[in-house]
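This report goes through one protein model part by part. Please keep the sequence and the 3D view open while reading.

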Amino acid sequence: MRTYAPAGTESVLDRLLEEPSLAAAVQHHAHLPAREAITAPFPSWLDARIVRGLEDRGITSLYSHQAEAVEAVHAGDDVVVVTPTASGKTLCYALPVLQALAEDPSARALFLFPTKALGQDQVAEFSGLARASSLQVAAATYDGDTPAPIRSAIRTAGQVVVTNPDMLHSAILPHHTKWFQLFEQVKVIVIDELHIYRGVFGSHVANVLRRLLRLCHHYGSNPIIVCSSATIGNPAELAAQLTGRTPRLIDRNGAPSGARHVLLVDPPLLDQATGARGSALTHVQRWALPFLRAGRQTIVFGRARVAVEIILTGLREALREDRGPRSRIRGYRGGYLPTERRAIERGLRDGEILGVVSTNALELGVDIGALDVSILAGYPGSVAGTWQQLGRAGRRQEVSVGILVASGSPVDQYVIHHPEFLLEGTPEEARIDPDNLHVLLAHLRCATFERPFEPGDVFGPGPVDDLLAFIGESGHVRQAGDGRWYWSSENFPASEVSLRTAAPENVVIIDTTPDRPRVIGEVDLFSAQVLVHTQAIYLHESTQFHVDKLDWGERKAYVRRVDVDYYTYANRAVTLKPLDVFATEPATGGRRIHGEVMVASLVTLFKKLKFGTDENVGWGPIDLPELELQTTAYWLTAEDASVGWRKDDLDVALLGAGRAIQAVAAVLLMCDPRDLGLVTQVRSPHSDAPTIYLYESVPGGIGLSERLFKRHDELVVGARALIEACGCESGCPACTGPRLDPAVDGKALALRLLAGMLPAAGGGGAEPATHARVVLGASA
């Protein structure tokens with residue numbers, strides 16, 4: 001029955017769970033109880049004006065973690081604050097900064113946020129608190145949208161400068177002489193959403209911060225660093241790697257929360273033979289519609305811009321047919337104008353907008369108030385990201401609902417069938433490698449441009465004379481008669497370094513549709529071969545572009561806007577050759593190894609696949625040169641586990657087991673599955689044994705393979721659990737990968753191989769399912 005009468009969140013959920021087709025898809029239903037606040041009084045040293053400002057806004061005390069943080073900063077300690085979404089982390093750094101400005105108006109602060117939207121939101125929040133405290137504070141965002149006249153005013157008079165790592169890297173540090181007031185007087189540096197800075201991006205940001213602190217030292221300042229993060233396994237370690245300093249960890253949350261229902265949902269199998277599943281996007285709409293009809297504020301997260309548009313269209317059409325609140329459902333993603341995004345945020349806060357469908361742009365701390373329901377179309381890729389998205393629902397004292405609907409990917413299937421991984425497991429560790437040679441050299445060039453290096457100066461892991469001499473061979477730096485190293489090139493080094501990739505070269509994407517061609521983006525060389533080859537369909541901000549020509553020599557892809565019903569998928573042939581072994585250990589059924597490899601990649605053809613059905617509607621050749629990638633890898637051999645196998649069966653088993661291990665690795669390391677490449681060899685030329693390789697898709701690697709080597713037992717156990725839990729008959733994309741031969745049981749072969757590689761009991765890799773605890777509260 002379709003009704004539009006208001007109803008409580010729990011009553012809507014109860015009705016949904018009475019519907020057999022929806023209830024059958026619920027793999028796990030947890031009830032998380034409400035939590036009371038733990039408070040502390042305002043510190044005695046806090047300026048009376050700030051206390052009055054807080055009280056005027058209804059804040060009469062601090063949560064315990066806020067009090068601990070502001071006291072630590074007041075004492076001169078660096079801190080990293082790790083508490084859930086909507087727990088009031090902003091006050092942990094806003095109060096010390098306001099206090100510094102109240103004591104000395106010439107003081108400065110630098111706030112770093114990973115996105116422009118978050119920066120602008122925090123400026124509004126901070127400025128409101130300053131006004132309430134009767135303090136005249138000049139706080140402003142300095143990003144790509146800031147007009148030139150305002151930029152000049154911020155440089156000279158901005159007391160609180162809010163920016164992002166990209167702008168700091170390319171627009172502030174290289175022009176530090178224009179920012180001398182900031183660098184001389186900066187008292188506090190804030191790094192928000194710390195957990196975002198992982199992988200290649202985090203490795204770059206760590207070097208940007210090295211450059212920042214080097215300039216602060218030059219100008220005579222020694223700022224305190226305040227980091228805040230969602231829950232991850234190693235926040236203090238990550239903060240130390242990023243800043244080069246040892247922070248104090250504050251992770252005892254004092255904020256209250258209402259009771260929460262968490263449901264893990266797996267769309268049903270449509271075909272057990274092939275493993276085809278119901279669409280996660282369609283299933284999400286079935287869960288969201290009843291909440292919207294009952295007037296419950298709901299947010300739906302899609303993993304990609306296309307998914308957001310598909311879900312949004314489906315919800316609006318369903319509500320149009322039923323005369324529901326269609327106009328109060330909005331989309332939110334990159335590509336929308338800033339004014340549109342601000343209006344949507346404001347509408348959510350004041351209740352005018354009932355539902356929003358968003359990419360992870362709203363995962364971060366943008367203020368949209370607290371909603372009733374959060375529904376995730378697919379696992380976001382990390383436990384931290386999942387809880388940030390689920391945490392968008394949850395008013396202080398009211399019941400909220402969070403629903404994760406799995407896609408058919410192996411990573412999603414592993415998470416959905418191991419609820420303890422999300423609900424009870426230790427959060428993943430965020431990993432960076434600031435000393436990756438490719439990344440380090442790029443920022444050493446930038447640092448030399450900013451200020452000469454003295455002989456013996458340290459940047460990162462040690463003295464940089466040898467590295468500067470290496471750069472000097474290309475003529476970019478030179479050592480003068482005084483022994484100092486100077487930048488000697490006309491090039492502007494920061495403009496050549498993208499913080500999002502490790503490789504120095506990118507392909508620029510040029511839209512030729514308008515009268516004047518314009519650059520709409522760039523991709524690294526490795527990705528360009530599969531994303532923007534000639535005749536590819538390239539998706540940008542949910543708009544389709546046909547690649548008319550990829551000029552490989554000029555590193556330019558020329559595209560034009562089109563509207564077609566298919567996308568393209570390129571096949572990449574990969575060969576791998578080990579170069580060096582860093583560590584090797586015996587393992588059940590063979591050995592586990594960590595080392596350096598050379599990966600050669602050749603893209604030869606592409607397919608045209610229809611949206612929705614993935615039906616193959618055409619193909620074409622790709623003529624591009626082979627690319628080589630020198631990186632690090634983890635590999636495991638199966639010489640003992642494969643005794644007596646037929647070669648063809650072993651080939652299928654290695655590939656199926658490898659795909660499952662790759663999925664589990666992405667879950668354990670909190671990385672994108674594309675960060676790890678897979679190669680299997682029935683007889684490796686290196687070890688003369690059947691081998692599964694997982695290599696890092698970043699030049700030089702960022703430390704992922706070393707972590708995999710250490711967590712070998714967990715990978716094998718987890719891969720077996722993933723395949724066993726899959727409901728397919730003989731292998732599918734959700735476990736061992738697409739079936740290449742219907743007559744071959746890839747699932748049984750992969751399980752047989754993994755059985756011979758399982759660690760002995762007590763070997764450090766207990767199967768995750770064996771330590772699942774009793775469900776908290778109701779069960780579906």
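## A glycine in a loop

Gly700 sits in the loop between β31 (691–696) and α22 (704–710). Helices (H or I, at least four residues) and strands (E, at least two) are DSSP runs, numbered from the N terminus. The model is predicted, with local features needing pLDDT of at least 70 and side-chain atom pairs counting only at pLDDT 80 or more, while totals for chains, interfaces and linings use all residues. Residues are numbered from 1 along each chain as its sequence is written, and side-chain values use heavy atoms, with hydrogens and water left out.

Is Gly700 buried or exposed, or partly exposed? Gly700 is partly exposed, because its relative accessible area is 34%; buried means under 20%, exposed over 50%, and partly exposed in between (1.4 Å probe, protein chains only). Not counting residues up to four places away in sequence, Gly700 touches Asn436, His438, Gln630, Thr631 and Thr632; contact means heavy atoms within 4.5 Å. Gly700 and Leu312 are 388 residues apart along the chain, and their C-alpha atoms are separated by 41 Å.

## The largest nonpolar core

In soluble globular proteins, nonpolar side chains tend to be buried together. A nonpolar core is a set of buried Ala, Val, Leu, Ile, Met, Phe, Trp, Tyr and Cys residues joined through side-chain atoms within 4.5 Å. The largest one here has 69 residues, and those with the most contacts inside it are Tyr379, Leu404, Ile661, Leu708, Leu715 and Leu753. Helix α21 (residues 647–669) gives the most to this core, namely 13 residues.

What does Leu708 contact, leaving aside its neighbours within four places in sequence? Its partners are Tyr634, Ala665, Leu669, Leu676, Leu694 and Leu715.

## A mixed sheet

One open sheet has seven strands in the order β1-β11-β18-β17-β14-β16-β15, with mixed pairing. Two strands pair if DSSP finds at least two bridges between them. At the edges are β1 (26–32) and β15 (329–332), each pairing on one side only. Neighbouring strands are turned by 15° against each other on average, direction ignored. Axes are lines fitted to C-alpha atoms, for helices over the stretch in contact, and angles run from 0 to 180 degrees between N-to-C directions.

Helix α1 (residues 9–17) packs on this sheet and touches β1, β11 (260–265), β17 and β18, its direction making about 25° with that of β11. Helix α15 (residues 383–390) also packs on the sheet, touching β1, β11, β14 (298–302), β17 and β18; its direction makes about 140° with that of β17. Strand β17 (residues 373–377) pairs with strand β18 (residues 400–405) in the parallel sense over five bridges, and Ala377 is opposite Val405 in β18.

## Two strands of the mixed sheet

In a regular strand the side chains alternate between the two faces of the sheet. On β11, Arg260, Val262 and Leu264 on one side and His261, Leu263 and Val265 on the other are all buried. β11 runs antiparallel to β1, joined by six bridges, and Val26 has Val265 as its bridge partner in β11. With β18, β11 pairs in the parallel sense over six bridges; His261 stands opposite Val401 there.

Ser358 lies in strand β16 (residues 355–358). Ser358 counts as buried because its relative accessible area is 0%. Beyond residues up to four places away in sequence, Ser358 touches Val300, Phe301, Gly302, Val308 and Tyr332.

## A parallel sheet

Another open sheet of seven strands follows the order β6-β7-β5-β8-β9-β4-β10, with parallel pairing. β6 (139–141) and β10 (248–250) each have a single partner strand, so one side of each is left without a neighbour in the sheet. The twist averages 15° from one strand to the next.

Strand β5 (residues 108–112) and β7 run parallel and are joined by four bridges; Leu110 has Val161 as its bridge partner in β7. Helix α5 (residues 90–103) packs on the sheet, touching β4 (79–82), β5, β7, β8 (186–191) and β9 (224–229), and its direction makes about 160° with that of β5.
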